[in-house]
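Student: Got a minute to go through this one with me? I'd like to start with the core and work outwards.
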Amino acid sequence: MLYSQNWSDPNTASEWSKDANKYNPVRAEQLEMLLAILQDEFEPGKTMLDLGYGSGLVEELIFQQMPNAQIVGVDRSDAMMALAAERLKPYPFQFVPVKFDLTRLPSILGPDSPLPRQRYQIVFSVQALHHLTTEELQGAYLTVYDILEPRGWFLLVDRIAVSKPGLWNAYHSLWRLQEQQHDTAIQEGKDFDDHAAVVAASGDLPISLEQQLHLLSDAGFEADCLHLHTNRAFFAARKP
Ligand SMILES: C[S@@+](CC[C@H](N)C(=O)[O-])C[C@H]1O[C@@H](n2cnc3c(N)ncnc32)[C@H](O)[C@@H]1O
């Protein structure tokens, strides 16, 4: 089974946060890539927005390296947000939490918007948006485009769908290789159908790499996938 996805459960929240790399050994590498781009592109005085900031692991990593970083984070899980509040205590002036349901992201842009009025230069999201349906994702990307200032970045680290059944054995070989390299257990199912059942049972709704790129370019972004390991992808998208 994939990890339980009940983020409102305090046990799930703390167990996942204790070892977020456990089922995804590529996470550390893709977070390094995210950080490298943030360090080069972030302009002090502006603000970043994190969609699905969870227990604040990504913020902690960023604040340790970027003392000028300002981040507004959106999440809806009280359990994850409480862990983040504790973790981010050393950075009281750099982080603003906003409780909001990402499935309704387009409605965040009203006159009563809970988002602080800032110049959002970068929006990023790590392992969170695969919980949205394709339609919700489409609305979310259009909203991200509207929130961003011109030339702003949208950086996305997320699970994508394993969509080509004929390639299953190759995916499987690479996960076994990762297990040996990282001494971990990657629980993606024993065959293509089992994988689909495991993903469905966990409530994840990943879409394919091609669909991701279409949604991003339909929203107006110049976008590409900069790193891919099996079903874990890192996308960079930029508003013209
Ligand atoms: C796997 S955790 C990732 C947390 C963080 N981005 C990280 O990488 O450490 C997924 C997070 O997405 C949040 N999330 C999932 N669906 C959401 C929704 N519809 N609205 C707001 N947050 C959501 C969960 O509450 C959880 O904190």
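Student: Which residues have the most contacts inside the largest nonpolar core?
Tutor: Keep in mind that this is a predicted model. Its largest nonpolar core has 59 residues. Those with the most contacts inside that core are Ile122, Val123, Ala140, Phe154, Leu155 and Phe235.

Student: And which strand gives the most to this core?
Tutor: Strand β5, residues 148–159. It gives 6 residues.

Student: Take Phe154. What does Phe154 touch, not counting residues up to four places away in sequence?
Tutor: Val123, Val144, Leu148, Phe221 and Ala237.

Student: Val144 belongs to α5, right? Which residues of α5 are buried?
Tutor: Val144 is one of the buried residues of α5. The others are Leu137, Ala140, Tyr141, Thr143 and Ile147.

Student: Where do they fall, seen down the axis of α5?
Tutor: Within an arc of 165°, so they line one face of the helix. The face turned away from that buried side carries the exposed residues Thr134 and Glu135.

Student: What do the buried residues of α5 pack against?
Tutor: Three of the partners are strands: β1 (47–51), β4 (120–126) and β5. Helix α8 (209–218) is a partner as well.

Student: How many residues has α5, and what span does it reach?
Tutor: Helix α5 covers residues 134–147, which is 14 residues. From first C-alpha to last it reaches 20 Å, close to the 20 Å expected at 1.5 Å a residue.

Student: Now α4. Which of its residues are buried?
Tutor: In α4 (residues 78–87), Ala79, Met80, Met81, Leu83 and Ala84 are buried. They pack against α1 (10–18), β2 (71–75) and β3 (95–99).

Student: On to the ligand. How many residues surround the ligand, and which are the closest?
Tutor: There are 18 around it. The closest are Gly52, Gly54, Ser77, Leu102 and Ala128. By class, the shell has 9 nonpolar, 6 polar and 3 charged residues.

Student: Loops next. Where is Gln127, and what is its phi?
Tutor: Gln127 sits in the loop between β4 and α5. Its phi is positive, about 50°, although Gln127 is not a glycine.

Student: Is Gln127 buried or exposed?
Tutor: Buried, because Gln127 has 22 C-beta neighbours inside 10 Å.

Student: What about phi of Asp183?
Tutor: Phi of Asp183 is near 50°, a positive value in a residue other than glycine. Asp183 lies in the loop between α6 (168–182) and α7.

Student: Buried or exposed, that Asp183?
Tutor: Asp183 has 8 C-beta neighbours inside 10 Å, so it counts as exposed. Ala185 is also in the loop between α6 and α7. With 9 C-beta neighbours inside 10 Å, Ala185 counts as exposed.

Student: How far apart are Ala185 and Glu43 in space?
Tutor: 39 Å, C-alpha to C-alpha. In sequence, Ala185 and Glu43 are 142 residues apart.

Student: Last one. Why does Ile207 count as buried?
Tutor: Because Ile207 has 20 C-beta neighbours inside 10 Å, and 20 or more makes a residue buried. Ile207 lies in the loop between α7 (192–202) and α8.

Student: What is Ile207 in contact with, leaving aside neighbours within four places in sequence?
Tutor: Thr134, Ile160, Ala161 and Gln212. As for Leu155, Ile207 is 52 residues from it in sequence and 17 Å from it in space, C-alpha to C-alpha.

Notes:
Residues numbered from 1 in each chain as written. Predicted model: local features only at pLDDT ≥ 70, side-chain atom pairs only at ≥ 80, totals over all residues. Core = buried A, V, L, I, M, F, W, Y, C linked by C-beta atoms within 7 Å. Buried ≥ 20, exposed ≤ 12 C-beta atoms within 10 Å, placed from the backbone. Helix = DSSP H or I, 4+ residues; strand = E, 2+ residues; numbered from the N terminus. Contact = placed C-beta atoms within 7 Å. Near = placed C-beta within 6 Å. Nonpolar A, V, L, I, M, F, W, Y, C, P; charged D, E, K, R; others polar. Expected span 1.5 Å × (residues − 1). Arc of directions from axis to C-beta.
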